[in-house]
Amino acid sequence: MLQFIAILKDSFREAVDGFVIYLMLALSAIVIILLGSISFTPGSPEEALTGNGFGAGNVLNKFQIIFPDRGASTAPTFVPNVQYSASNIEQSAGNSVAFTLNVSWGNQFARPVGDKEKDKDKGPPPTIDPFRYAVYTWLEPPGRKIEKPMRGRGKAKTTELELVEPPLATPANLKAVTEAEMIEFLTYQCVAFIGVSKSDVVITRKPDVAEPEYKFDVRLKNIAGARGWPHDIQVFFGASGAIRGVPLGAALYIIEDPIINGLGAAVTLILSVVITAFFIPNMLRKGSIDLLISKPIGRVQLLVYKYIGGLTFIFLLSSFTIGGVWVVMALRSGLWDPRFLLVIPVLTFTFGILYAVSTTVAVYTRSAIAAILVTLVFMFLMYAIGQAKSFFDMNKVTNQVELPDWSYTLVEGLNNVLPRYKDLDKLTTKLIVDSTMPTGDARAQAIFTEFPSWGGAVGVSLAFIAAMLSLASLRLVKRDC
Amino acid sequence: MSVIETRELWKTYGRIEALKGVSLRVEKGQIYGLLGQNGAGKTTLIKILLGIVRLTDGDATLLGHPAGTVDVRKRVGYLPEDHQFPGYHTGYSLMDFYGSLYGVPASVRKQKIPETLELVGIAGRMYSKIKTYSKGMKQRLGIAQSLMHDPEVIILDEPTDGVDPMGRREIRELMSELKGQGHTIFLNSHLLGEVELICDRVAILQQGKLVREGTIAELTKTKGTFVIGLLSGQTFPSDAVIKLGYAVRPLPDQAGLFEITLSDGQTIEPVMKLLSERGLTVVHIVEKKQTLEDVFMTTVEGAEPGVDRKRRRGARPVGGRD
Ligand SMILES: Nc1ncnc2c1ncn2[C@@H]1O[C@H](COP(=O)(O)OP(=O)(O)OP(=O)(O)O)[C@@H](O)[C@H]1O
Ligand SMILES: [Mg+2]
């Protein structure tokens with residue numbers, strides 16, 4: 001243990017010795033300050049609830065997505081022919097909004113409903129009450145998952161979507177839906193799609209409206225910072241023009257996932273591969289290695305400790321960057337969800353896969369250049385296989401491209417044995433989606449994506465790392481230094 | 001139990017035979033010097049003892065354990081030749097790092113590190129990065145790191161390489177002191193004068209073979225060469241002495257002095273007797289003694305000792321008459 005800590009400390013020293021890490025930390029700091037300059041101003045209730053004025057559309061349209069079993073089912077279903085619209089919108093006492101929620105019926109394709117357009121799309125009254133059916137769907141357990149035939153996996157195979165069939169209902173079932181259940185349903189939808197908390201929603205039904213139309217008085221508190229509420233975004237402490245009407249969660253997601261966890265992570269990984277590639281060859285240099293292996297420590301132990309020590313570099317860097325981004329985004333948005341911080345260990349682990357390759361090449365060649373080249377090629381291959389896997393997974397469902405059976409087998413085979421680089425990325429993406437978007441949006445994102453398991457992604461990658469390090473140890477143990 | 005023992009030790013690197021059956025034995029409390037030309041196999045032997053390279057054949061033990069055993073290295077300090085310390089350490093932090101690898105507890109390290117660095121004379125610079133050290137400072141640091149965990153055996157590969165004369169003397173004194181404390185020291189060196197001053201025993205390796213081994217006294221003892229000078233005007237009876245079976249040679253640069261070399265079993269007495277019988281007066285008689293350097297040179301050159309070489313040091317008068 002003492003030896004392990006000693007080598008970690010040594011690696012830490014090595015990592016902070018060059019100017020490169022300071023340069024990278026400085027770059028990170030600039031990114032953090034830049035992100036910290038972003039301000040989020042809640043959009044006006046008028047615009048948010050009618051969808052007039054910006055592209056994000058009307059947040060009420062999402063109410064057509066229903067999670068059965070009172071929201072316990074993560075797989076949703078749709079009841080599209082109910083239309084939700086707002087009128088008498090009043091912004092009261094700063095952060096609250098009050099409006100009348102009008103529930104009526106419409107055709108299959110819901111559109112943003114202005115009062116004038118409403119009648120045009122409405123069509124004749126349906127034979128069953130669509131809103132009561134929506135509430136009933138929410139109350140009942142989920143139906144079967146919807147299946148799609150899959151290509152390339154044998155003729156008869158199908159895949160399940162994270163989407164369920166709506167339930168069967170009798171007129172008696174619908175009649176039994178109570179007013180309290182309607183209010184409960186609407187409250188749930190506000191929480192799931194607007195992202196306010198349950199205690200901030202007050203709904204009462206307006207009397208004297210003939211079914212199948214309904215009107216509710218809705219009062220929402222704390223809409224600033226609600227994840228699904230459209231916000232205006234400005235950079236440079238309000239000096240820039242505003243991007244209007246982006247749901248707060250979506251904005252955070254874009255910053256945290258494609259920008260930081262995507263682009264930022266890729267740059268960090270590549271730079272770290274380059275810098276850390278020198279650590280092992282330096283240790284193995286004539287004159288250095290004697291000093292270490294003459295100490296009472298086994299060679300395998302030395303290599304493994306040194307390998308883990310090499311991870312300190314990226315751990316420091318990502319802790320600083322991710323931690324900093326998290327703090328400024330939380331300060332700016334008021335959302336303190338810590339799940340984004342899990343990107344730190346995942347990124348470090350992802351780098352661990354690359355560093356295992358680098359270490360092994362370094363032990364065999366003693367050359368940092370060889371280690372860098374091989375690792376970058378490997379990184380690219382992993383990326384390509386990951387992209388191919390995503391495409392094939394998608395194609396299984398959508399059948400956009402006709403592909404032979406063996407190509408599916410090849411891609412899946414490769415993905416099975418090689419470290420789950422892309423899988424880890426998908427998993428962190430999901431983590432970030434879950435931590436930024438309101439629950440309803442987050443679940444809806446997952447409908448068409450097949451999510452790998454953490455166990456599988458980490459397990460196969462760990463096995464790969466172990467195999468690489470064994471290969472390196474084999475060489476190091478045999479070698480005369 | 002010997003501290004270091006090798007039996008018929010062979011090492012080949014591919015086609016290069018670095019050691020060809022070396023057997024030696026180092027006892028506790030000795031300072032043992034291993035000499036040999038460049039490439040003779042000295043470093044190879046040390047590396048085998050520490051498990052840095054694997055032996056090809058034969059047997060090597062360190063403190064009774066097979067060479068290369070991890071645990072026994074706790075009890076050994078080692079200064080490699082041509083060492084490269086990681087430049088990102090300071091002298092102090094390097095000692096701290098190595099100390100931890102040796103399992104020295106933090107509190108002991110804290111006390112021991114400045115002490116040891118003081119001992120080798122670089123305590124003043126212990127918080128500077130090693131990349132700013134001079135060659136000799138690095139060498140001193142190297143010695144310090146081999147001592148800090150109070151090892152039973154200290155193995156030094158050219159310990160005074162790059163160290164200035166004052167420093168070399170300090171290191172010699174340090175070694176004597178360590179020996180006094182019961183440590184065993186095994187060293188490689190090319191500085192024969194130093195080896196002669198401090199080593200109890202030396203071995204000479206030549207092309208992977210052990211060609212001489214023994215105490216300094218044993219090795220430097222002459223095979224018997226005397227220089228005799230007679231009263232001026234008297235003639236040295238060379239022919240008569242040669243008849244007695246001695247090799248006689250006038251010293252070219254010192255007129256009147258003759259060098260008489262004894263073969264095995266001979267003594268100088270018959271020559272003295274002959275000279276006095278002839279009424280000659282011996283005014284100068286000196287038994288020549290070799291330095292370790294002489295021994296080394298003659299050994300590695302395969303030449304006979306006592307050939308024509310200037311000698312100042314080590315010439316020891318054994319008597320003189322009028
Ligand atoms: N790693 C190696 N690979 C191949 N040959 C080696 C290796 N190390 C040493 N040798 C060879 O083994 C022989 C002995 O080398 P060694 O380093 O033991 O010599 P040395 O006596 O320490 O010499 P020096 O006085 O120059 O330090 C040399 O011929 C050398 O070329
Ligand atoms: Mg050597």
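In this predicted model, a polar side-chain atom of B:His190 is placed 2.8 Å from an oxygen atom of ligand 1. B:His190 belongs, together with B:Gly39, B:Lys42, B:Thr43 and B:Thr44, to the residues that come nearest to ligand 1, out of the 14 that surround it. Backbone atoms of chain B also approach oxygen atoms of this ligand: a backbone N or O atom of B:Gly39 lies 2.8 Å from one such oxygen, and a polar backbone atom of B:Gly41 is found 2.9 Å from an oxygen atom of ligand 1.

B:Thr43, named above among the residues nearest to ligand 1, also takes part in the coordination of the magnesium ion (ligand 2), to which B:Thr43 contributes OG1 and B:Glu81 contributes OE, at 1.8 to 2.4 Å. The two coordinating residues stand 38 residues apart and link distant parts of the chain, since B:Thr43 lies in helix H1 (residues 42-50) of chain B, whereas B:Glu81 is located in the loop between strand S6 (76-79) and helix H2 (91-101) of chain B. With a relative accessible area of 14%, B:Thr43 is buried, because the cut-off for that class is under 20%; B:Glu81, at 24%, is partly exposed.

Chain B as a whole comprises 10 helices and 15 strands, and its C-alpha atoms fill a box of roughly 80 × 45 × 35 Å along the principal axes. Of the 322 residues of this chain, 51% count as buried. Among the contacts in chain B with a separation of 6 or more, 67% are accounted for by residues 24 or more positions apart. Within this chain, strand S9 (residues 201-206) and strand S10 (residues 209-215) pair in the antiparallel sense over 6 bridges, with B:Ile204 standing opposite B:Arg212 in S10(B). These two strands of chain B, S9(B) and S10(B), form a hairpin with 2 residues between them, and B:Gln207 in the turn has a positive phi of about 45°.

In chain A, an open sheet of 3 strands is arranged in the order S1-S10-S11, with antiparallel pairing. Strand S1 (39-42) and strand S11 (243-247) of chain A are the edge strands, each pairing on one side only. Neighbouring strands of this sheet are turned against each other by 40° on average, direction ignored. The antiparallel pairing of S1(A) with strand S10 (residues 230-234) of chain A extends over 4 bridges, and A:Pro42 stands opposite A:His231 in S10(A). Helix H8 (residues 248-276) of chain A packs on the sheet and touches S1, S10 and S11 of chain A, its direction making about 95° with that of S11(A).

A further site in chain A concerns A:Ser288, which is situated in the loop between helix H9 (279-284) and helix H10 (289-293) of chain A. A:Ser288 counts as buried, at 10% relative accessibility. When neighbours within four places in sequence are left aside, A:Ser288 is in contact with A:Asn282, A:Met283 and B:Gln84. A polar atom of the side chain of A:Ser288 lies 3.5 Å from the backbone oxygen of A:Asn282.

Notes
Residues numbered from 1 in each chain as written. Chains lettered and ligands numbered in written order. Predicted model: local features only at pLDDT ≥ 70, side-chain atom pairs only at ≥ 80, totals over all residues. Heavy atoms only, no water. Donors = N, O, S within 2.8 Å, 3.2 Å for Na, K, Ca; no water. Buried < 20%, exposed > 50% of the residue type's maximum accessible area, 1.4 Å probe, protein only. Pairing = 2+ DSSP bridges. Axes fitted to C-alpha atoms, helices over the stretch in contact; angles between N-to-C directions. Contact = heavy atoms within 4.5 Å. Near = heavy atom within 4 Å. Polar contact = N/O pair within 3.5 Å; in protein donor to acceptor, adjacent residues only side chain to side chain.
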